[in-house]
Structure formats: structure tokens, C-alpha cells
Amino acid sequence: MQLTDKQLDAMAELGNIGASHAATSLSTMLMSQIDMTVPEAIMVDIANISDYFGDEISALVVFEIQGELHPGGYVVLHLPRESAIRLTNTMLGSTDMERELNEMDESALLEVGNIMVSQFLDATATLLGIVMLPSPPAIAIDMAHAAFASIVAQIAVDIDEIILFRTELKSGMHDIQSTIVMLPDTNTLDTILKLLDEVLNPQL
């Protein structure tokens with residue numbers, strides 16, 4: 001499926017609305033101003049996912065999309081190791097950037113991921129007029145492309161393409177790189193695009 005530039009811009013705007021809600025919740029949780037933007041949305045054939053995620057150790061927080069669309073697919077919050085540690089250091093009061101990710105980091109990342117993805121899905125679903133809810137999260141710490149390959153191998157829904165929402169989190173102290181990756185079921189993607197077109201062209 002080839003999306004037009006207008007559809008991709010609309011997807012990015014959809015992501016920005018979700019990111020804005022997620023940033024507000026994160027700011028409250030961390031008691032620090034957090035700004036979060038989605039500068040671009042990219043549609044990627046799932047067979048080419050390794051072109052976008054390399055060998056860097058990363059944290060991936062994985063959710064199944066539940067609610068009105070079934071099967072909905074999955075949403076993954078991806079944070080490279082350095083950004084994951086910067087984020088959890090803020091929460092845990094640490095400054096050590098050379099350490100390995102541990103159980104406390106994983107617990108903190110599950111909490112952050114739950115807030116970000118819940119707000120992201122809620123805001124985008126509200127705009128589209130549907131219900132999308134995240135399942136309880138799971139976490140994987142691994143090389144990003146290997147972790148994504150494992151996730152794709154385990155999911156049973158029909159997924160041909162994924163949507164990458166590049167996100168930038170900026171706090172008073174750090175910039176944190178992350179990506180929200182939507183792996184929608186094929187029928188779910190068709191529904192989202194149809195609803196998005198209706199939002200963009202209310203006269204149709």
C-alpha cells in the first residue's frame with residue numbers, strides 16, 4: 001500500500017496529537033516539563049524493518065491493540081539504550097550512563113511505556129471516533145532488529161506494513177530519542193485510513 005504525502009502528513013499530525021497528550025502525562029509523572037513531537041510518520045513494508053532498526057541494544061515495550069478493532073495489531077515503544085537509561089535515570093535519581101539496563105529500569109520503562117502508549121492511542125482513537133486500548137505491556141531488551149524479528153514471528157495477525165512515528169522527547173535536561181511503531185492488522189490499517197480520510201474530508 002502506498003500512502004500519499006497528504007495521508008502521511010495526516011498520520012504525522014495524528015501522531016503529534018497523541019504525543020501531546022502523552023507528554024502532558026509524562027510531565028506530571030516526572031514533575032518536569034516534557035515536550036514531545038512527532039516530526040514524521042513513515043510507512044514501511046514489514047519485510048524491510050531491519051532497514052530502520054540496527055544492532056543497537058534497545059528497550060522495546062510491546063502492547064496489543066484492543067478495543068473496537070479486532071484483531072487490532074500491536075504498538076511498540078522503541079528506545080535506544082542510551083535514551084532508555086537517560087529516561088530511567090530521571091525517574092530513579094541516578095546519573096550513571098555506563099550501567100546496564102536492570103530490573104528497576106525495566107519496571108520504570110513499562111510504566112513510562114504504559115502512560116505514553118495509552119495516551120497516544122486514546123488521543124488518536126478519539127480523533128477517529130473509535131475505541132483503541134492497549135493491553136498490559138511486555139518488555140524486551142535486545143538488539144532492535146532482533147527484537148522486532150522476534151515480535152513479528154510471535155504475532156498471529158495479518159500485518160503487511162508498519163507505521164513508524166519518529167518521536168522526540170525534550171526535557172529541561174535531556175533529549176530522548178524514541179519511536180512509536182504501530183503494527184496494525186491489515187484490516188485495521190484500512191479502517192484507520194478510511195476514518196482519517198473522513199476526518200480530512202468531512203464532506204465525503
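User: Which residues does Arg-99 touch, not counting residues up to four places away in sequence?
Analyst: This is a predicted model. In it, Arg-99 touches Arg-81, Ile-85, Thr-88, Asn-89, Ser-94 and Asp-105.

User: Where is the place of Arg-99?
Analyst: Arg-99 sits in the loop between H2 and H3.

User: Buried or exposed?
Analyst: Arg-99 is buried. Its relative accessible area is 15%, and the cut-off for buried is under 20%.

User: What polar contacts does the Arg-99 side chain make?
Analyst: One is with the side chain of Asn-89, at 2.6 Å. Another is with the side chain of Asp-105, at 2.5 Å. The Asp-105 pairing is also a salt bridge, with the closest N and O atoms 2.5 Å apart.

User: And Asp-105, buried or exposed?
Analyst: Asp-105 is buried, with a relative accessible area of 0%. Its salt-bridge partner Arg-99 is buried as well, at 15%.

User: How many salt bridges does the structure hold?
Analyst: There are three. Arg-99 with Asp-105 is one of them. Arg-86 and Glu-82 also form a salt bridge, and so do Glu-198 and Lys-194.

User: Take Arg-86 and Glu-82. Where do they lie?
Analyst: Both belong to helix H2, residues 81-92. They are four residues apart, about one turn of the helix. Their side chains meet at 2.9 Å, N to O.

User: What are the relative accessible areas of those two?
Analyst: Arg-86 has 26% and is partly exposed. Glu-82 has 39% and is partly exposed too. Neither figure is under 20%, so neither residue counts as buried.

User: Now Glu-198 and Lys-194. Which helix do they lie in?
Analyst: Helix H5, which covers residues 186-200. These two are also four residues apart, about one turn of the helix. The N to O distance in their salt bridge is 2.8 Å.

User: How does Glu-198 count at 38% relative accessibility?
Analyst: Glu-198 counts as partly exposed.

User: Back to Ser-94. Where is it found?
Analyst: Ser-94 is in the loop between H2 and helix H3, and H3 covers 103-128. Arg-99 has its place in the loop between H2 and H3 too.

User: What does Ser-94 touch, not counting residues up to four places away in sequence?
Analyst: Ser-94 touches Asn-89 and Arg-99. Asn-89 is also in contact with Arg-99. At 25% relative accessibility, Ser-94 counts as partly exposed.

User: Which backbone nitrogen lies 3.2 Å from a polar atom of the Ser-94 side chain?
Analyst: The backbone nitrogen of Asp-96.

User: Different topic. Which peptide bond is cis?
Analyst: The one from His-70 to Pro-71 is cis, with omega near -5°. Pro-71 is in the loop between strand S2 (57-67) and strand S3 (73-80).

User: What does the UniProt annotation "domain: CheC-like protein" cover?
Analyst: According to the unreviewed UniProt entry, that annotation covers residues 7-42 and 104-139.

User: What do residues 7-42 look like in helix and strand?
Analyst: That span is 67% helix and 22% strand. Its end C-alpha atoms lie 10 Å apart.

User: And residues 104-139?
Analyst: Here the chain is 69% helix and 14% strand. The end C-alpha atoms are 12 Å apart.

Methods. Residues numbered from 1 in each chain as written. Predicted model: local features only at pLDDT ≥ 70, side-chain atom pairs only at ≥ 80, totals over all residues. Heavy atoms only, no water. Salt bridge = Lys/Arg side-chain N within 4 Å of Asp/Glu carboxyl O. Buried < 20%, exposed > 50% of the residue type's maximum accessible area, 1.4 Å probe, protein only. Contact = heavy atoms within 4.5 Å. Polar contact = N/O pair within 3.5 Å; in protein donor to acceptor, adjacent residues only side chain to side chain. UniProt positions renumbered as here; feature names shortened; annotations may be inferred.
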